[in-house]
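Colleague: I am new to this structure and would like a close look at a single part of it. Could you take me through the place where the two parts of the chain come together, and then through the empty space?

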Amino acid sequence: MEPRDLSDHSIYRAGRGIEEVARELELDPGELVKLSSNENVLGPSPKAVAATREYADVVHLYPKSSHTDLIDRLADDWGLAPEQIWLANGGDGVLDCFSRAVLRPDERLLVPQPGFAYYGMSARYHHGDTESYQLSKADGFAQTADTVLEAYDGERVVVVTSPHNPTGSVMPLDEVERLAEETDEDTLVLVDEAYGEFANVESAVSLVRERDDVAILRTFSKAYGLAGMRLGYGLVPESWADAYARIHTPFDTGELTCRAGLAALDDDEHIEQTVEMVETAREYLYENLDARTWKSQGNFVLAEVGAGEGAGPAGGQSETTGGEAVTDAAQREGIIVRDCSSFGLPGCVRITCGTSEQMERAVAVLNEVIDA
Ligand SMILES: *Cc1c(COP(=O)(O)O)cnc(C)c1O
């Protein structure tokens with residue numbers, strides 16, 4: 001017996017955890033600042049933490065009412081019917097739900113390059129594949145309908161990441177609408193709004209209400225600080241929303257996960273503090289980092305710290321790419337950022353927004369290693 005041919009399936013390499021890095025560098029984990037996975041540095045909503053404790057003693061039961069309650073609450077918040085809310089095991093789980101519900105064998109997704117790795121992974125798990133459209137550094141990674149349509153060739157699903165990871169650019173609502181208008185009737189435009197809480201563009205939810213070919217991904221992992229809980233959801237057109245009942249894993253979102261989500265939605269103070277901190281941090285990074293940055297609408301900023309392929313941080317030759325060399329050097333000083341080589345941006349790093357103290361320390365360290 002052998003598994004099927006998995007040679008086309010890449011292994012997801014998550015950013016390394018604090019403990020792991022601390023052990024390797026023989027540093028105290030408390031001295032490390034992790035700015036590599038776009039987590040909320042303020043932690044989870046305190047209300048979500050309290051709810052998790054409160055419901056811990058009912059986890060011998062399958063989650064039932066918590067799932068329904070959270071769906072009803074989200075439906076209310078978004079002005080949609082409960083069927084149109086597809087809860088899943090993180091935003092990644094939402095992508096799997098769409099793959100299952102939409103992709104026929106050998107159909108393809110059109111995804112941004114640079115872009116988020118899991119789109120392609122999910123497509124391949126479900127016997128599909130991807131093509132890509134290019135976002136270009138030359139025009140600030142701008143996202144318009146034309147950027148996508150130039151590459152579009154009848155793919156079954158077109159993915160728009162807005163705000164985009166790792167660049168922070170957005171596609172305005174009227175461009176998303178034009179994209180949906182100009183792609184085939186049988187093509188789904190999937191708008192990944194994982195960072196939607198940080199953006200000053202409108203959500204595409206109005207298109208989900210009006211059309212049958214636009215769906216949205218949202219997650220509790222970023223602004224709500226619940227990455228460890230694994231909670232995300234899709235917003236899906238009414239006409240085919242009932243597909244969820246046929247494709248989702250029974251009880252895929254746990255009792256504590258749903259309770260934490262419900263409580264987090266009631267914690268306005270936590271979200272407001274988080275968004276304010278992110279806005280301050282973005283400005284600080286643009287102004288103080290000795291590197292080219294791009295305006296971001298996410299909780300992170302992309303910075304060009306080296307010349308890219310084969311060049312060291314100061315432009316000289318080295319074994320590693322500029323981004324990788326800077327990432328390694330910063331890590332030795334306790335600052336963990338994300339090298340963007342794996343995104344196809346070898347001279348760049350992505351820095352998660354943190355508190356003022358964290359940003360000051362990160363900028364001090366990064367400026368030192370960029371100049372080194
Ligand atoms: C973080 C992220 C997601 C979802 O992450 P989950 O933790 O699985 O909810 C989806 N899309 C993008 C672009 C992301 O950065």
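Modeller: A salt bridge is a side-chain nitrogen of Lys or Arg within 4 Å of a carboxyl oxygen of Asp or Glu. In this predicted model, Glu304 forms such a salt bridge with Lys137, and their closest N and O atoms are 2.5 Å apart. To place the interface, it helps to begin with the division of the protein chain into domain 1, which covers 18–44 + 269–371, and domain 2, which covers 46–265. The C-alpha centres of domain 1 and domain 2 are 26 Å apart, and 28 residues of domain 1 are in contact with 27 residues of domain 2. The size of an interface is often given as the accessible area lost when the parts come together. Here domain 1 and domain 2 bury about 2,100 Å² between them, with 62% of that area on carbon and sulfur atoms. Of the area that domain 1 buries against domain 2, Pro44, Gln297 and Phe343 supply 32%, which is more than any other three residues. Across the interface of domain 1 and domain 2 the rule finds one salt bridge, and across that interface there are also eight residue pairs in polar contact, both residues being at pLDDT 80 or more.

As for the empty space, the second largest pocket holds about 190 Å³, and its lining has five nonpolar, one polar and five charged residues. Among the residues that line this pocket are Arg156, Glu185, Asp186, Asp212 and Asp213, together with Val102, Thr187 and Trp240. The structure also holds two cavities of 30 Å³ or more, and the largest cavity has a volume of about 70 Å³. Residues lining the largest cavity include Leu95, Phe98, Val102, Tyr119 and Leu190, so Val102 belongs to the lining of the second largest pocket and to that of the largest cavity.

Definitions and conventions: Residues numbered from 1 in each chain as written. Heavy atoms only, no water. 1 Å grid on protein atoms, 1.4 Å probe; cavity = no way out; pocket = protein on both sides within 12 Å on 5 of 7 lines; lining within 4 Å. Points joined across faces, edges and corners; volume = space filled by probe spheres on them. Nonpolar A, V, L, I, M, F, W, Y, C, P; charged D, E, K, R; others polar. Domains from an automatic or database assignment. Contact = heavy atoms within 4.5 Å. Buried area = accessible area lost by both parts, 1.4 Å probe. Polar contact = N/O pair within 3.5 Å; in protein donor to acceptor, adjacent residues only side chain to side chain.
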